[in-house]
Amino acid sequence: MIFIAIPPDELGKGFDFEPSFPSALNEYKQNLGSSLYLAANRSYHGQDQKRLFRLDELSKKLNVPMVATNDVYYHHPQRRELQDILTCTREKCTIQTAGFRLMMNAERHLKPIEEMQRLFRQYPDAIERTKEIADLCRFTLDSLEYIYPEEMTSEGRTPQEELEYLAWKGAEEIFSLPLPEKVTTNINHEMKFVKEMNYASYFLTVYDIVRFARGQKILCQGRGSAANSTICYCLGITSVDPTKFDLLFERFISSARNEPPDIDVDFEHERREEVIQYIYNKYGRDRAAIVATVTQLHQKGALRDVGRAMGLSSDTIDRLSASIWEFTQEWFEGARIIENGLNPKGPLLLKVLDLTRQMIGFPRQLGQHTGGFVITRGKLTDLCPIFHARMEDRTNIEWNKDDIDALGFLKIDVLALGMLTCIRKGFDLAKKHYDLDLTLASINKEDDPKVYEIISQADTLGVFQIESRAQMQMLPRLRPKCFYDLVIEVAIVRPGPIQGDMVHPYLRRRNGEEAVDYPSEELRDILGKTMGVPLFQEQAMKIAIVAAGFTPAEADELRRSMATFKMHGMVTRFREKLVAGMTAKGYTQEFALRVFRQLEGFGSYGFPESHAASFALLVYVSCWLKCYYPDVFACAILNSMPMGFYQPAQLVIDARNHGVEVREIDVNISFWDNVLEEKAGKYCALRLGFRQTSGLREDDMLALVQGRGNGYPNVHSLLDAGVSIAALERLADADAFRSMGLDRRQALWEVSALKDRPVALFEGQPSESDKEQQFELPLMSKGEHVVQDYASTSLSLKAHPVSFVREKLRMFGVRSSKEISETENGKLVKVAGLVLVRQRPGTAGGVCFITTEDETGFSNLVVFEKLFETYRKEILRSRLLMVEGRLQREGEVVHVIVQKCFDFTGLLKGLTAKDDDQLPLLTLSRADERSAPYPSQNNRSQVKQASPNEIFDGGRNFK
């Protein structure tokens, strides 16, 4: 091990170091001996010559070799400005006030060897020491030897024997004897590979984790590349029968590459921590840790950091940030800057935008992976650095997922899925109120036409995977009729199939508008289930193997290049081999190129059939619950929030539309969770719980419930039960005192009077409030109540905000969403609503999709790229958006192709006594991209930057 002592930057009095440094260096020399070096660098501070002389003098005196260093902060001198911004961000100051906290020049960059030799020409030995240390640094990451821990087995079996025993035992329980020939063949084939790759312990680890979860009654389901295996199905890790779906085993493992398989296991998101702690306790924190992730700066964060550092005012930063969706060339040409009332030629603003563009993508912080565990046989510290996370009882390694994959470390993904929590809570509610014993398997035994009917009608708000607006638009076109149709639905609304032009050909063939043809019988076997159109990664691999002569290992490499957007473009490398292989087997070049273009679409995001099948199971179960027990489904999903696509307001409106009576929060009736009460018609009534109120703590509400007895007669009794005044104020804000005959304003008045209530020795004495003159409080309007409901609970049962401005909207000729849905195709219409979600996917060529909501339902708006740029301000800033456009009807799918946009937020001012258009009407979906945009994948809107001809400048040859 080598140690380099870093000297102080400045010399003291008499142009010498303070005595403490030579003393410390001498102590280091006594303890570290020949392993110690003394660093020297030239940074043009004005004292370089004197400082180097003193360092050389000290080096000779203490016999500590001097080594030339460079104190590098950035790779190129031009990055000095960005380094100053990072310094200001760290120090929480501006460029104008940073002072000596900034470097005085741009010398801390990587310099070529010729420049370093020139800088240290008086001390050539220092350069030699640098080379000497570099030659000693022989470590490479290849030298790390990762060994997976062997799992404990029963009856003295080896891990491989234990895996075979459990797999055959599971197969007998699932399929019964005699086993189908296909199952026997698959298990033998897979076991051969597992033995060859020595992965038995890995499968046993995942099996053990799933076994623990099911023993604790935690819902879980396996998926991922290795979930294609029959082994996983027989072990109970996954619910997907690979023999039923003909999933490709080579999708997860190949003898030609020494890389780990991938099994993701989803657990209930509220109980996943139990599983994580089980892993820590089983292996110990010195052998198990979670992988890290590197959070990167996106546009808004970069703009705010740079703007603050450069001294822009808060309102200017807010104005710029509110207008961002993506940095297009128009930003730098000034079109959007002028729109925000700023000078596009202002040098300060131009510098801010330029530095922001450089800063986008910078690492922001080190965080935790969602659940990727690395487990080792020996100590983790022998392989990689570890640290304690801020979250209690969590240990992490400092490397991210890509680092782990590159080094061949086995990773087990212990993931959280909100829908599993929702389904488990739904099963519990169904047992309690309807005496039903439900499981994932029991619901999915056979296809139910009624369930597929509501799916085809896009009545899927809140259900798993198919609740987005894009999925809802696809469902009436696809009209699923069986479970495999759901598998296709999950996979088809993805960037890969869309960019590969697979969606429309599949729909046309499914609807009989285009003939289904197969160039050969061998491709019919592969593409038969998807009508000749490749929709899954597995199909792409099979085409490569069968039609182009790829080996399974080469096909797997093709799959990896399609796996994620990070690898976008790599599929192109396979073009020549794929086309040549297919033409050699008799396929036309035109067909080969068309297949390649389809496969290339997966370069953005190709969805595997195994994932889609696992997800489709949860899609069906959640739809079944919503179809037959909408009360159970609504209560379960509200108790599982935050999750999914929609806010509680939309989920409650949807439940009421399905005949479920929803009742308000009340201090004498509600519990922390939402609960089902007695039947009110066909379904149980849903009582909203205290969890829906923002700012309340569960501990306070449990104390309230425990002390409730036969009910609280007045506000004083709640305080006596131990409920804090802060909690009482929150409950009053939520209008939760109706059972006492108090509305929110009266309740707030009563709560405020508790603050001077006599206590201890003076308890029972009259308070100052008792002596106040009594007067009648003015009643709140219904509109004010609705606004306060949204502010405190994010929803209102009293009315929809748009209903209060409907008459004014009528004066503008604006129709309701319900009227729009009944309007003829091609008509010019006007529609207005609260903005729920704005999405601008990279696959849509700059088109923005907007969903608005009024008191009658949803409206789907389509804004093309040019129009979006024209009305960017209205689209991004409106709460109440009114549009004018032409109605487009395609079957049951209705859109409005927008021609004009108007910000009608000002109409909402009338809802309250205060003239305020910034009302807390929180309707934006969790999927709204306006608040968290990602860099555009739309090539037409991306800023093209010229790469510098020279990354590293040559040395400055001072005379």
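Select strand 4 (residues 220–223) first: Cys220 and Gly222 point one way from this strand, Gln221 and Arg223 point the other way, and all are buried, where buried means under 20% relative accessible area with a 1.4 Å probe and protein chains only. In a regular strand the side chains alternate between the two faces of the sheet. Strands here are DSSP runs of E with at least two residues, helices are runs of H or I with at least four, and both are numbered from the N terminus.

This is a predicted model, in which local features need pLDDT of at least 70 and side-chain atom pairs count only at pLDDT 80 or more, while totals for chains, interfaces and linings use all residues. Residues are numbered from 1 along each chain as its sequence is written, and side-chain values use heavy atoms, with hydrogens and water left out.

Add strand 5 (residues 264–268), which runs antiparallel to strand 4 and is joined to strand 4 by four bridges; two strands pair if DSSP finds at least two bridges between them. Cysteine 220 faces phenylalanine 267 of strand 5.

Next, display strands 14 to 18. They form a closed barrel of five strands in the order 14-15-16-18-17, with mixed pairing. Neighbouring strands of this sheet are turned by 55 degrees against each other on average, direction ignored. Within the barrel, strand 16 (residues 857–863) and strand 18 (residues 893–903) pair in the parallel sense over two bridges, and valine 862 stands opposite isoleucine 897 in strand 18.

Now pick threonine 852, which lies in strand 15. Is this residue buried or exposed? Threonine 852 is buried, with a relative accessible area of 1%. Leaving aside neighbours within four places in sequence, its contacts (heavy atoms within 4.5 Å) include Gly833, Leu834, Phe858 and Leu861.

Select helix 21 (residues 469–478) and helix 22 (residues 483–492), whose axes come within 10 Å and cross at roughly 140 degrees. Axes are lines fitted to C-alpha atoms, for helices over the stretch in contact, and angles run from 0 to 180 degrees between N-to-C directions. The two helices are therefore oblique to each other, a term for angles that are not under 35, over 145 or from 65 to 115 degrees. Show Gln471, Met474, Leu475 and Leu478 in helix 21, which meet Asp485, Glu489, Val490 and Ile492 in helix 22.

Finally, view helix 21 with the barrel strands: helix 21 lies across strands 14, 15, 16, 17 and 18, and runs at about 145 degrees to strand 18.

How values were computed: Buried < 20%, exposed > 50% of the residue type's maximum accessible area, 1.4 Å probe, protein only.
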